[in-house]
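Got the viewer open? Keep the selection box handy and follow along, one stop at a time.

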Amino acid sequence: MKYAIMINEGPYNHQASDTAYNFCKAALDKGHEIIRVFFYHDGVNNATRLGVPPQDDRNITEKWVALGKEHDLDLSVCVAAAQRRGLLDEGEAQRWGKDVNNIAEVFHITGLGQLVEACIQADRLVEFGD
Amino acid sequence: MAILHTVNKSPYEKTSLESCVQRSDAGAAILLIEDGVYAALAGGAKAELVKAALADRKVFVLEPDLKARGLADQALIEGVESVDFDGFVDLTTQYDQVNAWL
């Protein structure tokens, strides 16, 4: 089955990012396909490569990156939500004259059109958030 | 068309479970996840909500989230079924749509 996943809550906030990650892992292990994980609203904060959680805590961004690499996942970050919250890739940082970019590898910046497209192509949309 | 509803907040914190029970149809399923698992406990002040749903809907609870809260040994409302993440995925295939009450 084809899944689109939507995450609306930041990491370390409540539990949505962890639940979404565990759901994705279980679905992939069962042989399902995840056509896109769409990070929206505060969910875009999952994509920062500058997070440094304590050593005995999980690094949610690194977990997404590892899962993304293993399964060639499309980890899409909403551009408008990202700009508001200071999540910039190299191109966006240049465009806005910022001195740094902070999007982790595998993640990439897209728009709401990609969410709509994923909803059309997927058999199920599963949403996680606050 | 049968819908799988997910509820992730405690019924003692938010009214999302109440809204879900009021508005979901017979034949639907409700999956309690994250803080939503508190609603699955027998003897809770909001147990009637889940019992009302169980009359014509299935109610599931995510076992890892019970464990994370130290509730794995607590009695659940009769009829509530435990699932793990594999079971969560299976439920999304068995129902036609997934609706998150966020």
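Here is a short tour through the sheet, the core and the contact between chains.

A bit of housekeeping: this is a predicted model, with local features requiring pLDDT of at least 70 and side-chain atom pairs counting only at pLDDT 80 or more, while totals for chains, interfaces and linings use all residues. Residues are numbered from 1 along each chain as its sequence is written, and chains are lettered from A and ligands numbered from 1 in the order in which they are written.

**Stop 1: the sheet.** Select chain A and show it as a cartoon. You'll find an open sheet of 5 strands, paired in parallel and ordered β4-β3-β2-β1-β5. Strands here are DSSP runs of E with at least two residues, helices are runs of H or I with at least four, and both are numbered from the N terminus; two strands pair if DSSP finds at least two bridges between them. Out at the edges sit β4 (107-110) and β5 (124-128) of chain A, each pairing on one side only. On average, neighbouring strands are turned by 25° against each other, direction ignored.

Now pick residues 2-7 of chain A: that's β1, joined to β5(A) by 5 bridges in the parallel sense. Ala4(A) stands opposite Leu125(A) of β5(A).

**Stop 2: the helices.** Add residues 16-29 of chain A. This is α1, which packs on the sheet against β1, β2 (33-39) and β5 of chain A, at about 170° to β1(A). Angles run from 0 to 180 degrees between N-to-C directions, using axes fitted to C-alpha atoms, for helices over the stretch in contact. Contact is when C-beta atoms, placed from the backbone, lie within 7 Å. Next, residues 112-121 of chain A give you α5, lying across β1, β2, β3 (75-78), β4 and β5 of chain A and running at about 150° to β2(A).

**Stop 3: Val77(A).** Zoom in on Val77(A). Not counting neighbours within four places in sequence, its contacts include Phe39(A), Leu87(A), Ile103(A) and Ile109(A).

**Stop 4: where the chains meet.** Which residues to colour here? Chain B puts 11 residues in contact with 18 of chain A. On the chain B side, α4 (85-94) and β5 (97-101) are the elements giving two or more residues, and α4(B) gives the most, with 6.

**Last stop: Asn99(B).** Select Asn99(B), in strand β5 of chain B. Beyond four places in sequence, Asn99(B) touches Ile3(B) and His5(B). Draw a distance from its C-alpha atom to that of Glu34(B), 65 residues apart along the chain, and you get 15 Å.

Methods:
Two residues are in contact if their C-beta atoms, placed from the backbone, lie within 7 Å.
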